[in-house]
Amino acid sequence: MSPFRRLFKPAQPVPQQYRRNFVHLYLDIAWWGLLNGSILVFLGVYASRIGASTFQLGLLTASPALMNLLFTFPAGALLERKPIARLTRWSALIMRLFYFLLIPLPVLLPPGTQVWVILIITLIMNIPGTLIAIAFNAFFAEAVPPEWRGQVAGVRNALFSITTMATALVVGLILDNLPFQTGYQVVFAIGAVGAMMSALHLWLVRLPERPAPSESGGNGKRQELRAAEKVPLRALRLQAFRLDVLQGAFGRLLILIFVYQLGVYLIGPVVPKYQVDVLQLSDGTISQASALFWVAHFIGSLQSRRLSQRLGFRQMTGWGLVIVTLTLVMFTFSYQRWIYLLHALIGGIGWAWIAGGLINFVLERIPADDRPSHLAWFNLINNAAALLCGMLAPLIAGWIGMAATLLLAAALRLAVGVVLCGKKPVRLSRLSMARE
């Protein structure tokens, strides 16, 4: 059986009780591809074309991260008290409504004002965005049994690649053939519709019933609540931060992920300006590169299940990082159009491996009965890196130059990739014993 057919039609039939949820999870990510291929790819480019500075692009990266940092622990505490399914659905719906506010901007306000309005929209929408960022990983873990996660993640990544690729090609044609303002209004409308349809399918996923914790078994929640009544208020506030999650192997894993995220987010404020001002790329070329990226991402996703079984999620992520290090170096020197397109083609494979490996690698190291707190810290680390890079990247780029900043990010990615590719990663060999 070909890899394509094996991905969409696994060797073992999907049990009847899982099929409905899997279909809606597939459609959720397929519609999300419309958002990704339109708004998420071109919002920074649009801001650059209407005059946004590197500092403002840094704020565009840092603003959502700031909201995530402010609301991560309240969101994590809420997830421990409220049903994950309900919080996931409502937070997704509320967040994605904000994308509709972008549609009238190109004709409603002058360019300088538009940049600041985009920043404000991004800031506010990431309050519910923090909740969905934490909740969805737990939501996915409950909806998909461990033995099926590699398969489902692979199909989701493949569908995401297909719809993003098709959307990017259509968006390129729209921007090349319509007036600037009208073209971007259409692009924003496409993304908003995709976001809402994605939210709809999250509402249609039905999680299995979870047994209530017993009085004396499980994780002893009732006994903990009684004991909490005798704990001083200051101690309760410290406990809310769940500092115990940082102890041992999981804390060391978070340090590694933080370095990886620095390598990802450091280029966020730099890439749009670099593409427009240094490489002088047209919207059509950017859309073509995006389409090539997602073609390769789709091909890489076809290998997710086989690679995860052969290498494990850790090494799969590590080799993906090695690839995206190479392509970031290629991007830095993409003074010829063919180099830029080739970097996108190769990079799609590397990011497909990371997408299929990283979150499953993390979920393997998280106890099933304590996902919200661990995922809250995972989300906190990701957004701390995003905030730090959003504020410092413009300064670093102004100091050492945009090209050197891109190469610095490549070095950070490579360092983490080498650690994960090793047979026995430094200080991470006992991650599976994090809760023992």
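Let's start with how the chain folds back on itself: among contacts in the protein chain with a separation of 6 or more, 87% join residues that are 24 or more positions apart. Keep in mind as you look around that this is a predicted model. The secondary structure comes to 17 helices and zero strands, so every named element you will meet below is a helix.

Next, consider what is inside and what is outside. The protein chain has 436 residues, and buried residues make up 56% of them. Its accessible surface comes to about 19,600 Å², and carbon and sulfur atoms account for 67% of that area.

Now let's go to the interior. The largest nonpolar core has 110 residues. Tyr99, Leu102 and Phe139 are the residues with the most contacts inside this core. Helix H2 gives the core its largest share, 13 residues. To get a feel for the packing, find Leu102 in the structure. Leaving aside neighbours within four places in sequence, Leu102 is in contact with Ile39, Leu43, Ile118, Ile121 and Phe188.

Helix H2 is worth following a little further. It covers residues 16–49, and Asn21 is one of its residues. Is Asn21 buried or exposed? Asn21 has a relative accessible area of 5%, so it counts as buried. Not counting residues up to four places away in sequence, Asn21 touches Ala143, Leu204, Val205 and Arg206.

Charged residues come next. Side chains of opposite charge can pair when their charged atoms come close. The structure holds three salt bridges, and we can visit each in turn.

In one of them, the side chains of Arg156 and Asp28 meet, with 3.0 Å from N to O. Arg156 lies in helix H7 (residues 146–177) and Asp28 in helix H2, so this pair ties together parts of the chain that are 128 residues apart in sequence. Are these two partners buried or exposed? Arg156 is buried, with a relative accessible area of 9%, and Asp28 is buried too, at 4% relative accessibility.

Another salt bridge joins the side chains of Asp283 and Arg49, at 2.8 Å from N to O. Here Asp283 belongs to helix H13 (residues 283–302) while Arg49 belongs to helix H2, so the pair ties together parts that are 234 residues apart in sequence. The two partners fall into separate classes of exposure: Asp283 counts as buried at 10% relative accessibility, whereas Arg49 counts as partly exposed at 31%. The cut-off behind these labels is 20%, because a residue is called buried when its relative accessible area is under that value.

The remaining salt bridge is between the side chains of Asp277 and Lys273, at 3.1 Å from N to O. Where do Asp277 and Lys273 lie? Both are in helix H12 (residues 271–278), four residues apart, which is about one turn of the helix. Asp277 is partly exposed, at 41% relative accessibility, whereas Lys273 is buried, at 14%.

What about links between cysteines? A search of the whole structure finds zero disulfides. Two cysteines to look for are Cys389, buried at 3% relative accessibility, and Cys421, buried at 15%.

For another view of how distant parts of the sequence meet, find Ala376 in helix H16 (residues 371–400). Ala376 is buried, with a relative accessible area of 4%. Its C-alpha atom is separated by 9.3 Å from that of Pro74, although Ala376 and Pro74 are 302 residues apart along the chain.

Let's finish on the outside. Which residues make a nonpolar surface patch of about 490 Å²? The patch is made by Leu66, Leu70, Phe71, Ile120, Ile124 and Ile127. Helix H3 (54–81) and helix H6 (111–143) each supply at least two of the patch residues. Phe71, for example, is found in helix H3, and at 31% relative accessibility Phe71 counts as partly exposed.

Notes
Residues numbered from 1 in each chain as written. Predicted model: local features only at pLDDT ≥ 70, side-chain atom pairs only at ≥ 80, totals over all residues. Heavy atoms only, no water. Buried < 20%, exposed > 50% of the residue type's maximum accessible area, 1.4 Å probe, protein only. Contact = heavy atoms within 4.5 Å. Areas by Shrake-Rupley, 256 points an atom, 1.4 Å probe, with all protein chains shown as cover. Salt bridge = Lys/Arg side-chain N within 4 Å of Asp/Glu carboxyl O. Disulfide = S-S within 2.5 Å. Core = buried A, V, L, I, M, F, W, Y, C linked by side-chain atoms within 4.5 Å. Patch = residues over 30% accessible without salt bridge, like charges linked within 9 Å, V, L, I, M, F, W, Y side chains within 5 Å.
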